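User: I am new to this structure and would like a close look at a single part of it, the place where the ligand sits. Please describe that part, and then the parts of the chain that help to place it in the whole.

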Amino acid sequence: MEPAGPPAPAPSRTLAHRRDLAVRAAVADGLIDGDRLPVAALLDLTTIRETAAALHAAFAEVAAEGQRVLHTFAVKAGSLVPVLRLLDDCGIGAEVASPGELALARAAGVPACRTVLDSPAKTTAELREALDLGIALNADNPEELARLDDLLSGGPRGARAAGEEAIGVRINPQIGGGAIDAMSTATATSKFGIALRDEGARAWVVDAYRARPWLTRLHCHVGSQGMPLADMAAGVRATYELAEEINAAVGRQQITVLDIGGGLPVNFATDEVTPGYADYARLLAAQVPGLFDGRYGLVTEFGRSLLAKAGVIVARVEYAKSAGGRPIAVTHAGAQVAVRTVFAPDAWPIRVAAYDAKGLPKEGPEVTQDVAGPCCFAGDLVAKGRDLPLLAAGDHAALLDTGAYYFSNPFGYNSLPRPGVHGFVAEGDAVRFRTVREPQSLDDLVAESGGPHRDALL
Ligand SMILES: *Cc1c(COP(=O)(O)O)cnc(C)c1O
């Protein structure tokens, strides 16, 4: 689909330029250091702010005058307090799916009115806390609704008055899966939400709303990376149509807010942002025009698309070797920071860029090589048979587009410490860094591995 209007200025040049400056500065400033800190993650704050602005603009362009649109960030995509604080500063709230994610959002100062709770396994205590705090929530299944019935039997609780509860039900429109099974939430047998096409399910949902005037929202998230935009729009359309049916059946506009989830896929092949939020918003406006006539408030829950392009993991090449004729760069970034790419390389390929020992882009003829991580299993490769300038010991390998779901979701294999995360702003040729997360110390690592209970098993 061609976006209307003049093409956006090539983002690749600015993004790549900022990235090059940041890698060089991170090496010069010792954020990456051969002995102590062989891997670090960098976050481009300019990209995050520009991406957040693009999201607001895309929906503002198609929304009705005065229509309420709340954008939230799926915290699992970047579970770092300063990142949540930055996004909140950009007008983007938080979609949380566990007590830990809620605690992070609260620590970041994200207000209850911009927080949505969506976990499929909420305990009664979590439900009670969300109601008491006045956080919006979406029930996943009939048993969860029954728990809410009990919690609300004495009338509304907490911060919201009767009629202002922000409670919805998640549906699965069962429109089918995308390219990645593990990312597809709208298959016939997905574990998420109420399976709308199952026998009797639609009528059950309509009755559930009729019986509960406090159900005022409807939620759907049809999946993430690998889902074509048309399928995402079909899921939103199914949600909208069900809301219309429920409102008609109860004879008033009981459902006032539609939560359309996240899932915009990210282009991991180049620096180009495609599809963009504007492509998706325009497709929604064409496919589901009623979404933007102002009768419904909207909630979105994008994760990957808000952060992926802003992040890079930079790792020192410790050794360069060769096996069976294949050059292999052994680096310090593997499964501990790129777990999906290492375990499902076909679904999650990422780009690797070569930098030299000073952090300057490495020149030279491309050579087919593997880029390996430090973990002790053979599959710990972030790129296999990749054509790159030949990496040598002391060089750096940069894992691109890793701002979402990579370093923020580390894997504790081989007791490798979590790397530091540094936000950066490039001004002219100067780069300013801000600590987002300290590199994990070995003392910390020992402590979280039962260090304080050393003698417990004697
Ligand atoms: C993971 C998730 C999202 C975010 O998905 P992205 O693909 O990162 O945009 C949004 N909503 C729900 C309910 C999710 O589980």
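Analyst: Y405 counts as buried because its relative accessibility is 12%, and the cut-off for buried is under 20%. The model is a predicted one. Along the chain, Y405 belongs to the loop that runs between strand 16 (396-400) and strand 17 (420-427). Its backbone has a positive phi of about 70°, although Y405 is not a glycine.

Y405 is also part of the ligand site. Of the 14 residues around the ligand, those that come nearest are K76, S224, E301, R304 and Y405. A polar atom in the side chain of Y405 is 2.5 Å from an oxygen atom of the ligand. A nitrogen atom of the ligand has an N or O atom of the E301 side chain at 2.7 Å. G303 takes part through its backbone: one of its backbone N or O atoms is 2.9 Å from an oxygen atom of the ligand. On its own the ligand has 390 Å² of accessible area, and the protein covers 94% of this.

What classes of residue make up the shell around the ligand? The shell has six charged, five polar and three nonpolar residues. As for the space that the ligand takes, this is the second largest pocket.

The loop that holds Y405 has another residue to note. S415 also lies between strand 16 and strand 17. Its phi is near 50°, again a positive value in a residue other than glycine. Is S415 buried, partly exposed or exposed? S415 counts as partly exposed because its relative accessibility is 45%, and that class lies between the limits of 20% and 50%.

Another loop has a backbone feature of its own kind. The peptide bond that leads from T274 to P275 is cis, and its omega is near 0°. P275 sits in the loop between strand 9 (257-259) and helix 9 (277-287).

Next comes a loop residue with side-chain contacts to the backbone. Q336 is located between strand 12 (326-331) and helix 11 (339-343), in the loop there. Q336 is buried, since its relative accessible area is 3%. Which backbone atoms lie 2.9 Å from a polar atom of the Q336 side chain? One of them is the backbone oxygen of H332, at 2.9 Å from a polar side-chain atom of Q336. The backbone nitrogen of G334 is likewise 2.9 Å from a polar atom of that side chain.

Two further residues help to give a sense of distance. T189 is in the loop between strand 6 (167-172) and strand 7 (194-195). With a relative accessible area of 74%, T189 is exposed, as the cut-off for that class is over 50%. From T189 to E245 there are 56 residues in sequence, and their C-alpha atoms are 24 Å apart in space. I48 belongs to helix 2, which covers residues 45-62. I48 is buried, because its relative accessible area is 1%. I48 and R197 are 149 residues apart along the chain, with 38 Å between their C-alpha atoms.

To return to the part you asked about: Y405 is a buried residue in the loop between strand 16 and strand 17, and its side chain has a polar atom 2.5 Å from an oxygen atom of the ligand.

Technical notes
Residues are numbered from 1 along each chain as its sequence is written. This is a predicted model: local features need pLDDT of at least 70, side-chain atom pairs count only at pLDDT 80 or more; totals for chains, interfaces and linings use all residues. Side-chain values use heavy atoms; hydrogens and water are left out. A residue is near a molecule or strand if one of its heavy atoms lies within 4 Å of it. A polar contact is a pair of N or O atoms within 3.5 Å; within protein, one must be able to donate a hydrogen and the other to accept it, and residues adjacent in sequence count only if both atoms are side-chain atoms. Accessible areas come from the Shrake-Rupley method with a 1.4 Å probe; for residues, only the protein chains shown count as cover. On a 1 Å grid over the protein atoms alone, a cavity is a set of points where a 1.4 Å probe fits but cannot get out, and a pocket is an open set with protein on both sides within 12 Å along at least five of seven lines; lining residues have an atom within 4 Å of a point. A molecule sits in a cavity or pocket if more than half of its atoms lie within 2 Å of its grid points. Ala, Val, Leu, Ile, Met, Phe, Trp, Tyr, Cys and Pro count as nonpolar, Asp, Glu, Lys and Arg as charged, and the others, Gly among them, as polar. Helices (H or I, at least four residues) and strands (E, at least two) are DSSP runs, numbered from the N terminus. Buried means under 20% relative accessible area, exposed over 50%, partly exposed in between (1.4 Å probe, protein chains only).
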